[in-house]
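Open the model in your viewer and switch to a cartoon view. The stops below say what to select and what is found there.

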Amino acid sequence: METKQLLLILTLILGFNFADAQTDKEQVEAAILDYVEGIYEVQPERIKRSVHPELVKKGFWRPKDQSAYKDESVMTFDELVDLAGKWNAKGWLPKDALKVVEVYDVQDKTAVGKLTAHWGTDYFHLAKYGDRWMITNILWQSPAPMEKTAKN
């Protein structure tokens with residue numbers, strides 16, 4: 001086999017592996033977008049598509065005019081689906097509401113991501129079931145008070 005043929009074959013093999021990794025990363029990002037856009041756009045079916053029914057969602061929120069957080073908030077899958085069906089039902093959220101997705105790590109069965117949204121920051125654990133990435137855990141908090149947002 002000639003060197004050029006060998007290089008072509010190696011390039012194709014490596015290219016396909018790279019494409020698969022990119023596809024998984026894009027699918028992880030799409031699952032997180034389904035989550036936030038499902039809530040923003042009152043589309044609970046997107047939650048059902050991207051979130052595992054055994055979801056564990058915990059978080060900490062605080063009223064905007066206070067510096068103290070309320071008690072830990074826990075939400076089930078069914079409560080999240082219900083929330084997505086009504087949270088922005090009156091359309092009060094601006095069309096350009098904050099929505100920044102970051103994917104930190106994608107392996108063959110697990111992934112980690114972050115969403116910065118209107119309500120604060122969500123951190124995600126995702127798992128791949130068959131060929132579908134689904135959100136299994138969410139840890140979130142309201143925006144931190146301005147004086148405490150420095151990253152350490």
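Contact here means heavy atoms within 4.5 Å. Keep in mind throughout that this is a predicted model.

**Stop 1: Asp 24.** Select Asp 24, which is found in helix 1 (residues 3-40). Is Asp 24 buried or exposed? Asp 24 has a relative accessible area of 14%, and because buried means under 20%, Asp 24 counts as buried. Now show what surrounds this residue. Setting aside residues up to four places away in sequence, Asp 24 touches Val 106, Gln 107, Lys 128 and Trp 133.

**Stop 2: the sheet.** Next, colour the strands. There is an open sheet of six strands in the order 2-1-6-5-4-3, and the pairing is mixed. Which strands stand at the edges? They are strand 2 (73-75) and strand 3; each has a single partner strand, so one side of each is left without a neighbour in the sheet. On average, neighbouring strands of this sheet are turned by 20 degrees against each other, direction ignored.

**Stop 3: two hairpins.** Select residues 99-106 and 110-117, which are strand 3 and strand 4. These two strands pair in the antiparallel sense over seven bridges and form a hairpin with three residues between them. To check the register, pick Lys 99, which stands opposite Ala 117 in strand 4.

Then add strand 5 (residues 120-129), which pairs with strand 4 in the antiparallel sense over eight bridges. Strand 4 and strand 5 also form a hairpin, with two residues between them. Two partners are worth labelling here: Thr 110 stands opposite Ala 127 in strand 5, and the bridge partner of Thr 116 is Thr 121. While side chains are displayed, recall that in a regular strand they alternate between the two faces of the sheet.

**Stop 4: helix 3.** Select residues 77-84, which make up helix 3. Helix 3 lies across strand 1 (51-60) and strand 2, and runs at about 80 degrees to strand 1.

**Stop 5: the nonpolar core.** Show side chains for Tyr 35, Ile 47, Leu 115 and Leu 126. These are the residues with the most contacts inside the largest nonpolar core, which has 29 residues. Helix 1, strand 1, helix 3, strand 3, strand 4, strand 5 and strand 6 (132-141) each supply at least two residues of this core. Which element gives the most? Helix 1 does, with seven residues.

Centre on Tyr 35. Apart from its neighbours within four places in sequence, Tyr 35 is in contact with residues including Ile 47, Val 51, Leu 80, Leu 115, Trp 119, Phe 124, Ile 135 and Ile 138. Its contacts also include Ser 50, Lys 57 and Asp 122.

**Stop 6: the aromatic rings.** The structure holds six aromatic pairs. Select Trp 87 and Trp 92, an edge-to-face pair with 5.0 Å centre to centre and 65 degrees between the planes. Trp 87 is partly exposed at 24% relative accessibility, and Trp 92 is partly exposed at 45%.

Now add Trp 119. Trp 87 and Trp 119 form an edge-to-face pair as well, 5.5 Å centre to centre with 85 degrees between the planes. This pair links distant parts of the chain, 32 residues apart: Trp 87 is in the loop between helix 3 and strand 3, and Trp 119 is in the loop between strand 4 and strand 5. Trp 119 counts as buried, at 17% relative accessibility.

To finish, select Tyr 35, Tyr 40, Trp 87, Trp 92, Trp 119 and Phe 124 together: ring pairs link these residues into a cluster.

How values were computed:
Residues numbered from 1 in each chain as written. Predicted model: local features only at pLDDT ≥ 70, side-chain atom pairs only at ≥ 80, totals over all residues. Heavy atoms only, no water. Pairing = 2+ DSSP bridges. Helix = DSSP H or I, 4+ residues; strand = E, 2+ residues; numbered from the N terminus. Buried < 20%, exposed > 50% of the residue type's maximum accessible area, 1.4 Å probe, protein only. Axes fitted to C-alpha atoms, helices over the stretch in contact; angles between N-to-C directions. Core = buried A, V, L, I, M, F, W, Y, C linked by side-chain atoms within 4.5 Å. Phe/Tyr/Trp six-rings, centres within 6.5 Å; stacked < 30°, edge-to-face > 60°.
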